[in-house]
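Reader: I am new to this structure and would like to look closely at a single part of it before I turn to the rest. Please choose one residue, describe its surroundings with care, and then work outwards from there.

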There are 2 protein chains.
Amino acid sequence: MRTSYAVGVDVGGTRIAAGLVERKGRIVKDNRTLTPKAGPFAVVDAIIELVDELLVGLHPSELSGIGIGLPAQIDFLRQTVEFCTNLPLAGVDIRALVMSRVRHEVTIDNDGNLAAIGEFRYGAAKGARDFLMITLGTGVGGGMFVNGQPYRGSRGLGGEIGHMVVQLDGPSCPCGGKGHIESYLGRAAIAAKGRKAAETYKGRAILDEAGGSLDDLTAEAVIKAGLKGDEVAVHILMDAGVILGQALVGFVNMLNPQLIVVGGGVGESCGFMVERAAEIIAEEALAGRRDVRVIQAELGNDAGILGAAALAFDEHDSREGLHR
Amino acid sequence: MRTSYAVGVDVGGTRIAAGLVERKGRIVKDNRTLTPKAGPFAVVDAIIELVDELLVGLHPSELSGIGIGLPAQIDFLRQTVEFCTNLPLAGVDIRALVMSRVRHEVTIDNDGNLAAIGEFRYGAAKGARDFLMITLGTGVGGGMFVNGQPYRGSRGLGGEIGHMVVQLDGPSCPCGGKGHIESYLGRAAIAAKGRKAAETYKGRAILDEAGGSLDDLTAEAVIKAGLKGDEVAVHILMDAGVILGQALVGFVNMLNPQLIVVGGGVGESCGFMVERAAEIIAEEALAGRRDVRVIQAELGNDAGILGAAALAFDEHDSREGLHR
């Protein structure tokens with residue numbers, strides 16, 4: 001049976017957002033709450049509360065299921081949380097806990113994979129069978145599609161683009177590794193460069209965007225100043241674009257994707273950084289691969305909800321043997 | 001119809017080897033010749049001559065086809081040579097030229113992909129559905145299997161593992177890029193380290209293996225000295241193992257393979273380097289992925305012939321709708 005709706009839940013370090021989504025990607029209702037800090041069961045309760053609200057008035061047969069995106073490493077095949085930096089969810093059987101209460105199918109996945117699944121179904125990657133998604137935000141994540149399917153790897157843990165090594169002797173990454181993409185392009189790395197510039201007069205525009213406080217200076221302050229044309233901020237972000245491009249050259253050489261979608265808060269807000277990366281790829285990738293398109297993601301703030309809902313539709317349809 | 005034989009041709013910068021191979025991987029006959037330097041048609045003629053010799057006495061219906069491995073970037077879908085560093089084959093329609101003369105199906109592929117296909121069918125990767133092959137030789141190449149199939153990318157150019165970026169500001173790579181794996185682990189890089197050591201007394205064991213001549217000092221001299229226990233050579237190769245491991249950490253994080261096979265002349269001859277890489281991966285990969293097995297390839301000198309023959313069998317069977 002072809003159901004009409006799915007629920008997508010986007011669990012982040014600071015807030016949880018959920019939406020009731022039509023098959024075509026329209027969000028009919030949504031709600032959100034701050035992420036509880038009182039341990040895993042409080043998080044589960046918050047998810048259930050949001051979902052219950054969305055399901056009021058809906059006939060159970062209209063719902064494909066519930067997708068939940070987590071900022072965590074997920075063993076997709078076993079549906080378990082292996083590792084989670086910001087939330088105490090490792091080892092907690094989120095799926096079973098939510099499912100036993102809401103009585104609908106629940107599927108969990110890594111937020112980077114869901115960004116790719118969402119862009120594939122509703123956004124910038126429609127129709128692309130082999131593509132790479134990279135999300136630049138607090139962390140750097142992503143996902144990969146092969147032959148029109150999310151690539152998951154042998155244990156369902158694939159897609160951690162942010163933890164590719166791009167510098168053998170590079171700086172520490174929050175995950176414990178060294179020289180990973182995330183240690184160059186995560187919000188913390190961009191903010192650190194902004195803070196360094198703001199220590200002197202030349203970085204005053206960046207400091208202004210942070211309300212004059214070095215301590216409050218975030219990646220967003222750098223991006224805002226850059227978008228207003230401040231040279232120092234533009235320079236920082238162009239450098240980030242070069243690093244993004246060089247990192248992506250490796251993926252283009254290795255994977256020969258037709259498309260790369262750059263998303264996440266940083267990626268979606270900073271078009272010229274993405275363009276700089278595209279230039280680097282056009283110059284430095286191996287022959288024959290340079291026709292890869294590099295574009296910004298399209299789903300914006302709703303990416304998390306839409307990606308999780310898209311997963312719920314996909315899982316429903318594969319359970320029922322339906323094909324899109 | 002289930003044919004009995006395939007011909008595998010392994011075209012290298014210095015020699016061309018060909019073999020008549022049974023389905024189970026036994027090489028029934030083989031022959032080889034030096035790679036002609038007189039241009040592309042001389043290379044094609046040499047291939048045809050080797051193949052013709054192997055086919056004497058065989059009924060055409062017994063042959064699945066001919067696979068040809070080239071040290072080149074191949075657009076597999078269009079069966080064209082995009083780029084070739086050592087041989088003047090770019091743009092030459094090798095497949096059509098050989099096929100029109102020998103009157104059997106011909107398929108060409110990159111030698112790294114064929115190494116993966118050969119190990120999957122006959123060697124160390126039997127039964128592994130998601131794995132990575134890396135070949136360490138004069139160049140660094142490789143291939144990747146996803147779901148029991150070679151991963152080819154949108155234009156069939158996938159698998160160039162040697163040209164992943166592992167150092168943003170790294171040394172130049174023969175391909176023109178910067179900081180690629182090949183610029184650290186290709187024979188030239190290992191030989192350069194050996195030569196540097198051999199300039200002083202501490203590198204005398206390495207120099208001995210090169211017959212006392214700095215100019216003749218190759219990666220093989222370093223490996224030979226290392227296998228005999230010379231500390232300086234072991235140190236160089238252990239360092240290479242660390243770099244190999246760190247590069248592979250990125251792939252393990254990104255792709256979550258169940259197995260990594262290290263082949264090529266350098267990879268197959270230097271077990272302790274591969275073991276060092278495996279240790280690094282066990283220490284530095286993200287949680288949940290560290291169970292990946294890292295092993296040496298098994299097909300040795302016959303890898304090129306067997307991989308090309310395996311491709312010919314695969315292509316034959318997919319044309320005929322057969323499944324193994």
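Author: I94(A) is a place to begin: it counts as buried because it has 23 C-beta neighbours inside 10 Å. A residue is called buried if 20 or more other C-beta atoms, placed from the backbone, lie within 10 Å of its own, exposed if there are 12 or fewer, and partly exposed in between. The model is a predicted one, in which local features need pLDDT of at least 70 and side-chain atom pairs count only at pLDDT 80 or more, while totals for chains, interfaces and linings use all residues. Residues are numbered from 1 along each chain as its sequence is written, and chains are lettered from A and ligands numbered from 1 in the order in which they are written.

I94(A) belongs to helix α2 of chain A, which covers residues 94–102; helices (H or I, at least four residues) and strands (E, at least two) are DSSP runs, numbered from the N terminus. When residues up to four places away in sequence are not counted, I94(A) touches V44(A), I68(A), V81(A), L89(A) and I108(A), where contact requires C-beta atoms, placed from the backbone, that lie within 7 Å. By contrast, L207(A), 113 residues from I94(A) along the chain, is separated from it by 41 Å, C-alpha to C-alpha.

The chain around this residue has 11 helices and 12 strands. Its radius of gyration is 20 Å, close to the 20 Å that the globule rule gives for 324 residues, so chain A is as compact as a globular protein of that length; the radius is taken over C-alpha atoms, and the rule is 2.2 Å times the number of residues to the power 0.38. Those C-alpha atoms fill a box of roughly 60 × 45 × 35 Å along the principal axes, and buried residues make up 59% of the chain. Of the contacts in chain A between residues at least 6 apart in sequence, 63% join residues at least 24 apart.

The chain is divided into domain 1 (5–118 + 301–319) and domain 2 (129–298), with bounds that come from an automatic or database domain assignment. The C-alpha centres of these two domains of chain A lie 26 Å apart, and their contact takes 15 residues from domain 1 and 17 residues from domain 2. On the domain 1 side, the elements that give two or more residues are β5 and α3 (111–122) of chain A, and α3(A) supplies the largest share, 6 residues.

In another part of chain A, helix α7 (residues 219–227) has as its buried residues A219(A), A221(A), V222(A), I223(A), A225(A) and G226(A). What covers them includes α5 (187–198), α6 (204–209), α8 and α9 (264–269) of chain A. Just after α7(A), G229(A) takes a positive phi of about 95°. N256(A), in the loop between α8 and β11 (259–263) of chain A, also has a positive phi, near 50°, although it is a residue other than glycine; N256(A) is buried, with 26 other C-beta atoms within 10 Å.

Finally, chain A meets a second copy: 38 residues of chain A are in contact with 38 residues of chain B. Elements of chain A that give two or more residues to this side are β5 (73–75), β6 (80–83) and α8 (231–255), with α8(A) giving the most, 8 residues. This side of chain A divides into 18 nonpolar, 13 polar and 7 charged residues; Ala, Val, Leu, Ile, Met, Phe, Trp, Tyr, Cys and Pro count as nonpolar, Asp, Glu, Lys and Arg as charged, and the others, Gly among them, as polar. The copies meet through the same surface, because 100% of the interface residues of chain A are also interface residues in chain B. A turn of 180° and a shift of 0.0 Å along the axis lay chain A on chain B with an RMSD of 0.0 Å, and the two copies are thus related as by a two-fold rotation axis; the superposition is by least squares on the C-alpha atoms of residues with pLDDT of at least 70 in both.

Terms used:
Two residues are in contact if their C-beta atoms, placed from the backbone, lie within 7 Å.
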